[in-house]
Amino acid sequence: MKAKRAIRKAFQMQIEEMGFSFVEILMALSHELGNDPLEANRRVEEEMIPYFPLGILKERKVADHL
């Protein structure tokens, strides 16, 4: 649900001409690595999130109009 909201917000910012939007989604493919889904989620939390912290890095409140 968080990914869906982030993508929807990125599109809305584009519609409102707020500038460029970039959404990065972290996920581990459990079947590719031979892990079960719980192990894949643990790997994302423990190994990926420390290097790629979640959150909004910069957010505009109003569009620039010339």
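In helix H3, Arg43 and Glu47 form a salt bridge whose closest N and O atoms sit 3.1 Å apart. The two residues are separated by about one helical turn, because they lie four residues apart in that helix. Both partners are partly exposed: Arg43 has a relative accessible area of 30%, and Glu47 has one of 37%. Before going further, please keep in mind that this is a predicted model.

How many salt bridges does a search of the whole structure find? The search finds three. As background, side chains of opposite charge can pair when their charged atoms come close. Here are the pairs side by side.

| Pair | N to O distance |
|---|---|
| Arg42 and Glu39 | 2.6 Å |
| Arg42 and Glu46 | 2.4 Å |
| Arg43 and Glu47 | 3.1 Å |

Arg42 meets Glu39 in one of these bridges and Glu46 in another. Glu39 is three residues away from Arg42, about one turn of helix H3, which covers residues 37-48. Glu46 also lies in H3, four residues from Arg42, again about one turn. As with the pair we began with, Arg43 and Glu47 in H3, it helps to look at exposure. Arg42 is partly exposed at 29% relative accessible area, and Glu39 counts as partly exposed at 29% as well.

For comparison, Glu47 is partly exposed, with 37%. Salt bridges that share partners join Glu39, Arg42 and Glu46 into one network.

Now for the overall picture. The protein has three helices and zero strands, and its elements run α-α-α from the N terminus on. Why is the protein described as more spread out than a compact globule? Its radius of gyration is 16 Å, well over the 11 Å that the globule rule gives for 66 residues, so the chain is more spread out than such a globule. Along the principal axes, the C-alpha atoms fill a box of roughly 55 × 20 × 15 Å. Buried residues make up 14% of the 66 residues. The protein exposes about 6200 Å², and carbon and sulfur atoms supply 59% of that area. Turning to contacts between residues at least 6 apart in sequence, 40% of them join residues at least 24 apart.

Part of the surface is nonpolar. Ile7, Phe11, Val23, Ile25, Met27 and Leu29 form a patch there, with about 550 Å² of accessible area together. One of its members, Val23, lies in the loop between helix H1 (2-15) and helix H2 (30-33). Val23 is partly exposed, with a relative accessible area of 34%; that value passes the patch cut-off of over 30%.

The loop between H1 and H2 also holds Glu17. Most residues other than glycine have a negative phi. Glu17, however, has a positive phi of about 55° although it is not a glycine. Is Glu17 buried or exposed? Glu17 is exposed, with a relative accessible area of 55%.

Finally, a look past the last helix. Val62 is found in the segment after H3, and this residue is exposed, with a relative accessible area of 58%. How far apart are the C-alpha atoms of Val62 and Gly19? They are separated by 9.8 Å, while the two residues stand 43 apart along the chain.

Conventions. Residues are numbered from 1 along each chain as its sequence is written. This is a predicted model: local features need pLDDT of at least 70, side-chain atom pairs count only at pLDDT 80 or more; totals for chains, interfaces and linings use all residues. Side-chain values use heavy atoms; hydrogens and water are left out. Patches are made of residues with over 30% relative accessible area and no salt bridge: like charges are joined within 9 Å, nonpolar side chains (Val, Leu, Ile, Met, Phe, Trp, Tyr) within 5 Å. Accessible areas come from the Shrake-Rupley method with a 1.4 Å probe; for residues, only the protein chains shown count as cover. A salt bridge is a side-chain nitrogen of Lys or Arg within 4 Å of a carboxyl oxygen of Asp or Glu. Buried means under 20% relative accessible area, exposed over 50%, partly exposed in between (1.4 Å probe, protein chains only). The radius of gyration is taken over C-alpha atoms; the globule rule is 2.2 Å times the number of residues to the power 0.38. Contact means heavy atoms within 4.5 Å.
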